[in-house]
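Colleague: Could you take a close look at one helix for me and walk me through how it sits in the model?

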Amino acid sequence: MQRTRIKICGLREAQHVQAAVHAGADALGFVFYPPSPRAVSLQQATALVQGLPPFVTPVGLFVNAQPEEIEAALRAIPNLLLQFHGDESADDCERWGRPYLRAIAMHPGIRLVDSAQRFPGAQALLVDAPVSGYGGGGKVFDWSLLEASVPYPVVLSGGLNADNVADGIRQVRPWAVDVSSGVEITRGVKCPDKIRRFCAAVRAADAALTC
Ligand SMILES: O=C(O)c1ccccc1NCC(=O)[C@H](O)[C@H](O)COP(=O)(O)O
């Protein structure tokens, strides 16, 4: 049976981290981008990841960050998976010699095979809706823009929620799904019940897939 991995992004409070872990999230995203309503300081994120159970991966989301910020984050949270969500070049992403997720804004006409070639060290491409302000806009993009065969695992994101994630899984068959605004009560404030419903919808979608 397919098991779509789940990343809950933009966590800022311990109770929401707990809710995500208990609901079965595989990865927890922390936004290190001060203009975002979901931003956390490195000190906050370090406290939030304390005591995470094994096999739950903390992800640090960066947008055109200074190298010193990334270096400090990797020092404080050594198992941090990097997510580059800005205008970073391949060199910017790869200089750390670490696995990373590369966010790709799905503008019409984009070819993911080209993106994969541009970022050869990416562990996965995180496909997101093109929005102003780089991301977290809660917008769905046209999933038919995704080519049938992409040489990398794809993380589907952009405007997902408990009501549409099953369609996304059925249509795209992504390695993982990523949600932020779709599990919030108001912008930047997560809702434990929405987190639970989102994770349950992913599991139900996986169970309903026949091939
Ligand atoms: O969350 C933000 O505010 C943000 C700011 C700048 C770049 C990216 C940002 N978020 C990206 C994400 O949280 C997710 O990786 C993903 O794109 C899902 O977002 P959403 O459409 O809100 O579910």
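Modeller: Sure, let's start on the outward side of α6, where R170 and Q171 are exposed (exposed means 12 or fewer other C-beta atoms within 10 Å of the residue's own, buried means 20 or more, and partly exposed is in between, with C-beta atoms placed from the backbone). Helices here are DSSP runs of H or I with at least four residues, strands are runs of E with at least two, and both are numbered from the N terminus. Keep in mind that this is a predicted model: local features need pLDDT of at least 70, side-chain atom pairs count only at pLDDT 80 or more, and totals for chains, interfaces and linings use all residues. Residues are numbered from 1 along each chain as its sequence is written.

Now the other side: α6 covers residues 165-172, and its buried residues are V165, G168 and I169. Looking down the axis of α6, those buried residues fall within an arc of 95 degrees, so they line one face of the helix; the arc is taken over the directions from the helix axis to the C-beta atoms. What do the buried residues of α6 pack against? They pack against β7 (154-156), β8 and α7 (192-208), where contact means C-beta atoms, placed from the backbone, within 7 Å. After α6 comes R173, with a positive phi near 50 degrees.

One of those partners leads on to the ligand: β8 (176-179) supplies at least two residues of the shell around it, and so does β2 (27-32). A residue belongs near the ligand if its C-beta atom, placed from the backbone, lies within 6 Å of it. In total 25 residues surround the ligand, with S180 and S181 among the closest.

Technical notes
Contact = placed C-beta atoms within 7 Å.
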